[in-house]
Structure formats: structure tokens, C-alpha cells
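This report introduces selected features of one protein structure to a reader who is new to it. Please view the sequence and the model together before reading on.

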Amino acid sequence: MRSLYPYRISFQTWLGGATLMVVALLAPAAEASHRPNYLHAEGSRIVDSHDREVRLTGVNWFGLETPNYAPHGLWTRNWEGMLDQIKTLGFNTLRIPFSNQLFDPGSVPNSINFDLNPDLKGLSGLEILDKLIQGAGARGLKVILDRHRPDSGSQSDLWYTDRYSKARWIADWQMLARRYLGDDTVIGADLHNEPHGRATWGSGDPATDWRWAAERAGNAILEVNPNWLIIVQGVDQYRGHWYWWGGNLRGVAEHPVRLSQPQQLVYSTHDYGPGVYPQPWFSAPDFPHNLPGIWDQTWGYIRRQGIAPVLVGEFGGRSVYGDAEGVWQRSLVSYLREGGFSYVYWSLNPNSGDTGGILLDDWYSVQPDKQALLSTYQFPLIDAPQASSTTASAQPEARASSPRLDLRVLYRTADPSSLSNDPKPEFVIANEGTTAVPLAILELRYWYSAEGERGGGQTFHCDWAQVRCGYVHGSFAHAYRGGQRWDYLRLAFSAQAGMITPGDDTGEIKVRFNKVDWAPYRQSNDYSFGAVTSEYVEWRRVTLYAN
């Protein structure tokens, strides 16, 4: 419906509580002009080859570690389309889990729709991984390889089993380090996913000491590929303090990981909400105010004290609303944003049983509220031009390199009369920005005078909407400004209303409202009213909010 507005409209807003950081999606540079850009640590910061601080703000896409030996969702979608969507959603990093069994000759990729993915037919799991890495790099995405489990059946507490030895674990890592040597798309090795149970930290027992094993494996990788980040998760228990599998990094204070190249070390934690397990801190009397203190003590201190960078390699949950899980998830994103931590969200996949994913069950649609939350803290593509500042405070730096979201509101009315028994405002919301915006996070307010009727004495109707009237919800509210009461009609949207993609709009939304007794409104007194009946025009007297 682009013909509705032949000129730009200047309504602009920031989203995401106070701010939605919108990431510029820049085309990757031509291959001939690409110069390798490797990452390393400087104190608690991750910096690139130009000494610019970067943040990894990414997403997990799992499946290669399972008996499918292929990323999940390829039974429904093309793999390149999914990578395109990851970039469009504003992520800069992809964490790819795998198992050692993926590399065995008998591990044949399956559950792939080869009509949609003909270029994957006949490939091994490792060759499919090659494709993913090549495709990610072409889009400017970085890749973390995550050794998620030894075999494809289940998670192991230690980094080796009777079938897959310590030697095989290290040998496979060295094989991958050699295979992708010189390709700066792959930035790091997440050595083993979620050590727990028998795993210890700093005990000195080579059978169980995860810190000792991480040093051995990390140094072996760096001998082959000195440019990779070595990502070391925690354990679940340290000196009587219990936490999530792989999430407890308290032991770093006394027993830090010692690498031959210490500037390549990044610690990683995993953090989940009550939807995964009802940890005692979720039912504490001071929840959620207790959470930052717990995070500081368990893993946040490592970055805050300048010891090393910290990556939250997994977090996620089904709810981002007002229940305990939603409060936890929103609190954690705020903590990450304010502290400058990197993260990789779990997960893109909708088939994660405990958490769900960013995608809905059709593998195409986006869960808008999750994406809106994560959009409040996303960093540009690592190789994109950035501000030259290398100060430790990267939140202003990230904002400086991100454009403002550009949403435009257009208006007209189907009833221009001064007195009306049922005012009929009509709207179009246009996206002139660079990133898709979920309608579910938006709220449009039409300001008017109820003239005696307050809330319950009025009725809302949606007459027609391109996004479907069933997904448009109207209610009545008021606000006080300057000692005066201002009534407004509030328009909100269901998650099923979808997204407004860049350069597109909602189409027309035609609504009306009336008093229960059908008494008239004096529209000439209404702040948002205008006698505009033909073309949709810029209208600064309606307001648009998010979250």
C-alpha cells in the first residue's frame, strides 16, 4: 500500500522499554576486499583485529548434534532462507551445536526436504556444517562451534565417555580448527556443553577436573589455529554452591583457566528460568531483585572485575510476560545490556521442549515478544563499520552505530462531522526503518474527550483491517497531564498479526467506537481528530508506543 503516502512522515520513536536498538543490516564486503578480522580478549572486552570492542549477540540453531545430523527445520525450509532470517532479525552470531558422532562414517544426515535443499543431497554432516559456515560468512554472521555432546543420543556430564575418549574429543577439535583455519567466520570453540555431575573445577583430578581438561583442549586447538576464541563453560557445583549445568563460574576466582594464549580465553555461562527448573531463588521473597546479586556472584564478577569476557552461551524461556519466567528473562536481558555481556539465545528452533524458540511451530513466523525483547540489546554485524571509540562503555558505542527506528503513522477519518455518535478514525503504520517490527509490541493511542463517559460506558469495533480485525484490540484508558485528564482509545495487536517488514506497512486499519447510550462526541474538541477524508496524511496527534 505504498501509494497511500507519497512522502515521508516524521513520526519517530525509540522502542524496547526506553530504547530499541535497531541494527543496520549491511551487505557483506566483496570477497576480494575482505580482510580477516579475528577476535581476542583485552581484559573483560572482546575486540576485533582493529581493537574495536564488539559484542556477540546471537542465536543457537541446533540439530547437528542430534540423530538427524542436520540442522532442524530443513524438513520445512531452505537452509539459506533460515540464515537470511537470522540476519534480518538482527543477530550477528550463530552458535552451532554438534556431536562427535556427527563425524562417524555411519552418521547420515536425515529429515531434510531435498526438494527445498537440493544442494545438501548426498552431503555428510561435516559437509553440511561447511555449507552453514560458508553461508553465514557470506551474510556477515560469525559462528561459534559448540561441542554439545559426545554422541547424538544425550548430554554427558563429562567431556568424554566410554565410546568417545578424551583423545577423540581433542582430535576432533583439532580437525575442525585445521579445517576452518584462515576463515574468520568461525570465531571460537565452545569446548564442551554444560559440564555437571561428576565434573569439578580446580580439583586436580584429571578424570573430573573440567578446568584442567579445558586447558589441555584449548591449548591443543591454539597450536593448530591461534585465532580462535577458546570458550570455557562452568560446572554446576562449586564448594557447595549449586547452579545450572555449565553455569557456575565461581571457581574462576581461585582457579582461572591458564591458556598458552590467554588473550583467546572467554568464559561462558548458561542461565535459565523456572520453566526449566524451579530453582530456590525464583521463590525467594525478594525475587526478582535478588537476581543481579546471584548473577554477579556466580559469573558476572568475571567481567565486572576485568578478569575476562563472559558469554552467556544459552538462555531462554517460553514467557517474556509478567509471570516469574517472563520477569526473569526480562531482568536478565537488562543485566546483560547494562553490563555489556555477550550472549547467544536459546534458541532459533521452536522444538526446544523447555523453552520454545524465536520461531513459532511453523518454522517461519517469529514469536514477536521474544524478538522485541532481544531487539533491545543487539550489536551490529562484527565486520560492519563501527564507532572508533574503544572505551569500556560499549552501550553508548552500540547505540551510536545503530540508526533510529523509523515508524510512520498515517491517518484519516470516515466521519468528519463535528458531532458524531461513533467516531471512525482510520490508520496505517508504516515501517521506514531497517529492521522488521513485531506488531504485538506496538500500541497506538487516539486522544479524544469522552465527555462524561469514562471507560466502561464505551464500546470498540474494528470494521476492517488488512492484518485482520481478530488481531486488533481496542480498549479505553486515560492519562493525566498538567492536571488535566486525557482520554484515549488504545489499539493493540495480537502476536498473530505478524511483523511490519522494512519498507512495508500494516495496510488500512478502520475502527470506530461509541458510548453505550449512543450519545454524541464533540469531535471538534478531540486532540487526535482531524477532518481528513481522502488521502492518508501525516498526523502528529496520534502517538505510537512500544512495550
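The following text describes a helix, a residue in a strand, and a sheet.

This is a predicted model, in which local features need pLDDT of at least 70 and side-chain atom pairs count only at pLDDT 80 or more, while totals for chains, interfaces and linings use all residues. Residues are numbered from 1 along each chain as its sequence is written, and side-chain values use heavy atoms, with hydrogens and water left out.

Helices (H or I, at least four residues) and strands (E, at least two) are DSSP runs, numbered from the N terminus. Helix H5 has a kink of about 65 degrees centred on Thr-298; the bend is the angle between axes fitted to the seven residues ending there and the seven starting there. Thr-298 is also among the buried residues of H5, as are Trp-295 and Trp-299; buried means under 20% relative accessible area with a 1.4 Å probe, protein chains only. Just after H5, Gly-306 takes a positive phi of about 75 degrees.

The buried residues of H5 pack against these elements, with contact meaning heavy atoms within 4.5 Å:

| Element | Residues |
|---|---|
| Strand E2 | 45–47 |
| Strand E3 | 53–54 |
| Strand E11 | 265–270 |
| Strand E12 | 310–314 |
| Helix H6 | 324–339 |

Ser-342 lies in strand E13 (residues 342–345). Ser-342 counts as buried because its relative accessibility is 4%. Its side chain reaches the backbone nitrogen of Leu-56 at 3.0 Å.

Elsewhere, an open sheet of 5 strands follows the order E19-E23-E16-E14-E25, with antiparallel pairing. Strands E19 (458–465) and E25 (537–538) stand at the edges, each with a single partner strand, so one side of each has no neighbour in the sheet. Two strands pair if DSSP finds at least two bridges between them; 7 bridges join E14 to E16.

How values were computed:
Buried < 20%, exposed > 50% of the residue type's maximum accessible area, 1.4 Å probe, protein only. Polar contact = N/O pair within 3.5 Å; in protein donor to acceptor, adjacent residues only side chain to side chain.
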